[in-house]
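Thanks for coming. I have one structure to go through today, and I will take it piece by piece. Please have a look at it first.

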Amino acid sequence: MSITTDFAWFGHTAGIETSTMRFFVFGTAISGLLLSSCGQVLPGVEVTALVGSALSDVCNQTADLVVREQLKLSDGTVIGLNCRAMGSGDVVTEMVETAQAVKSGQRPVDDPTIPTLISLDGDLEQDQLRYQVQVIEPKQEWIPAPTDSPAFASSPMVLMTTPAIAKGLKGLPDPFTTLTTATNHRELDPSADDLPIRFVHTAPTRSNSGLQTLVAQFVAVSGKPAESLTLDDVRANTPKVEAIQSKITRYGASTGGLAKAMVNNGPFWASIGSLYESLVVSSNLNRSAGQEQYVAVYPKATFTSTMRLILPQAPWVSEREREAAEVLMAFLLEERVQRLVGEIGLRPANPAVKSNQITKANGVDPKARYEALRSPKPEVVQAMMQAWLDVAKKPSRVAMVVDSSGSMNGEKIAALQNSLRLYLNQLGTRDVVALIDFDSEVRNPVVLDGKPESKAKGQAFVAGLVADGGTQLHNAVLAGRDWLASSGKANEIRAVVVLTDGQDSGAGASLDQLLQELRRTGFESDERIAVFSVGYGESGNFDATTLQALAEGNGGEFVQGTPETIRDLMNNMQLSF
């Protein structure tokens with residue numbers, strides 16, 4: 001093992017199943033006691049935490065406490081705490097891949113980068129991790145059961161909506177069952193506005209909140225306890241879940257991102273969101289003047305989303321690492337840290353600490369009563385996710401507008417080609433994408449779907465990208481919008497995704513004309529075509545103001561990517577559809 005002297009104790013990554021969720025992964029590095037040149041004691045054992053979503057802020061604030069307290073092992077060795085963030089599904093994936101690598105001998109058990117302590121945003125996820133790791137090592141229980149892992153915090157899944165819409169939802173025996181048939185909020189409450197039901201939740205394949213939402217839907221429409229659901233129940237009830245999914249505005253990688261979009265875009269964009277209670281609190285605390293307040297509706301049965309501290313009983317956890325993790329676990333449950341949990345709208349696990357943010361003024365009920373859903377069998381949950389991918393997920397139709405102008409030459413076009421290949425390889429059976437290449441001219445769409453025969457066509461498009469010419473950006477965006485408007489179907493998520501590193505240099509539509517045209521088919525219209533824009537390259541290489549106006553005025557998002565980050569950006573964006 002190598003000695004680390006990194007002072008970035010807690011790092012915060014925004015916008016990740018920030019999500020997301022899943023989240024504390026600790027990996028230790030080292031032994032001994034070190035002194036810096038200024039006399040400060042550096043850690044002899046550093047514990048790395050992978051955090052995401054709800055626990056990100058807690059990590060940042062706890063870092064200072066760890067430094068000040070100088071936590072130690074029994075032999076006096078100082079313990080350090082380092083943090084990195086990752087989406088929920090990615091945490092499970094990383095741990096499963098780690099277990100496989102250790103089992104096969106590809107990674108040594110004393111590799112200091114292997115996580116030691118894990119925290120996921122719910123028992124459902126822990127059961128999934130435990131199940132997948134036991135497939136790799138069936139003779140051992142490397143991942144403990146939820147009952148053997150202490151709770152750190154919790155945040156129940158709720159339906160986030162406006163006070164006016166909440167009146168109709170609160171009177172329902174089960175909101176998800178009602179959503180199988182209802183299409184308008186007046187069907188739920190005769191006094192409600194004439195407003196279509198628009199629903200959002202994150203993608204269940206990578207997001208804890210999305211997975212819990214999907215399982216809750218299967219539980220609701222089946223009428224059976226979660227723990228007694230079978231594979232036959234999943235097959236029989238998939239059409240009902242598909243009916244709920246037909247109301248989706250869009251999915252996403254980030255639960256926090258969806259909450260923010262709800263507040264910014266209003267109830268016509270999405271009238272109901274299946275989110276964490278803590279996000280209702282933060283949405284109200286951070287909303288701007290003039291933005292509507294949101295409230296939480298607690299279904300009769302919902303997931304508590306308990307975040308536990310999971311210490312693997314695995315060969316990569318040494319006795320020294322175990323002791324360091326146990327010291328930190330005890331510290332995380334002390335009142336001073338648990339108060340930090342409460343301050344961001346989570347419910348502390350320590351019963352002596354009450355959250356001062358869980359109040360009716362912040363749109364939530366401190367005394368909320370509901371039946372806490374239990375986890376179905378892991379293989380049943382896997383079947384639910386597969387049924388969502390193959391059948392229940394709302395279909396998507398995306399126009400991918402790709403800049404291949406001369407300024408994309410070199411590493412930019414190479415990185416873009418790699419990310420597009422990955423994007424196309426992950427197309428689902430219910431997804432359709434049109435690839436529109438543009439430079440000095442806008443070329444005809446190359447239309448693909450998730451069928452195997454489309455892969456060759458997609459790879460040929462990617463391989464044929466050559467960086468040269470000018471940038472007909474505005475006309476290319478309109479070409480993507482027009483293809484969606486002419487080919488799209490009513491029950492689809494439709495979006496234009498613009499990948500560019502430059503400003504428009506064409507002689508076509510002006511920016512004002514472009515924005516006016518996009519409003520005709522935006523989220524205030526029946527077309528509901530969103531625009532997502534990616535400014536590709538260093539700041540100043542593209543017109544961020546224009547790209548932001550394209551996205552934020554049409555129900556989408558603007559992000560900036562570089563050759564190093566474009567792959568992750570594309571992966572996260574794909575989850576929106």
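Start with Gln548, in what is a predicted model. Is Gln548 buried, exposed or partly exposed? Its relative accessible area is 34%. Buried would need under 20% and exposed over 50%, so Gln548 counts as partly exposed. Gln548 belongs to helix H17, which covers residues 544-552. If we set aside the neighbours within four places in sequence, the contacts of Gln548 are Ser533, Gly553 and Phe558. Ser222 is 326 residues away from Gln548 along the chain, and the C-alpha atoms of the two are 43 Å apart.

Ser222 brings me to helix H6, residues 208-222, but I need the sheet before that. The sheet is open and has four strands, in the order S9-S10-S8-S11, with mixed pairing. Which strands stand at the edges? They are S9, residues 199-200, and S11, residues 295-297. Each has a single partner strand, so one side of each has no neighbour in the sheet. The partner of S9 is S10, residues 272-276, and the two pair in the parallel sense over two bridges. Within that pair, Val200 sits opposite Gly273 of S10. Helix H6 packs on this sheet, where it touches S8 (157-161), S9 and S10. The direction of H6 makes about 115° with that of S10.

Next, the nonpolar cores. The largest has 96 residues. Which of its members touch the most other members? Those are Met400, Leu420, Tyr423, Val433, Leu499 and Phe577. H6 gives the most to this core, namely eight residues. Take Leu420 as an example: leaving out neighbours within four places in sequence, Leu420 is in contact with Met400, Val402, Val462, Leu465, Leu499 and Met570. Another core lies apart from that one and has 52 residues, including Leu71, Val91, Ile118 and Val341. As background, nonpolar side chains tend to be buried together in soluble globular proteins.

Last, a helix pair. Helix H7, residues 231-245, packs with helix H12, residues 378-392. At what angle do H7 and H12 pack? The angle is about 40°, and the axes are 9 Å apart. Roughly parallel would require an angle under 35 degrees, so H7 and H12 are oblique to each other. Their crossing is right-handed. On the H7 side, the residues that meet H12 are Leu231, Val234, Thr238, Val241, Glu242 and Gln245. On the H12 side they are Glu379, Val380, Ala383, Met384, Ala387, Trp388, Val391 and Ala392.

How values were computed. Residues numbered from 1 in each chain as written. Predicted model: local features only at pLDDT ≥ 70, side-chain atom pairs only at ≥ 80, totals over all residues. Heavy atoms only, no water. Pairing = 2+ DSSP bridges. Contact = heavy atoms within 4.5 Å. Axes fitted to C-alpha atoms, helices over the stretch in contact; angles between N-to-C directions. Buried < 20%, exposed > 50% of the residue type's maximum accessible area, 1.4 Å probe, protein only. Core = buried A, V, L, I, M, F, W, Y, C linked by side-chain atoms within 4.5 Å. Parallel < 35°, antiparallel > 145°, perpendicular 65-115°, else oblique. Left-handed = near helix turned anticlockwise from the far one by under 90°.
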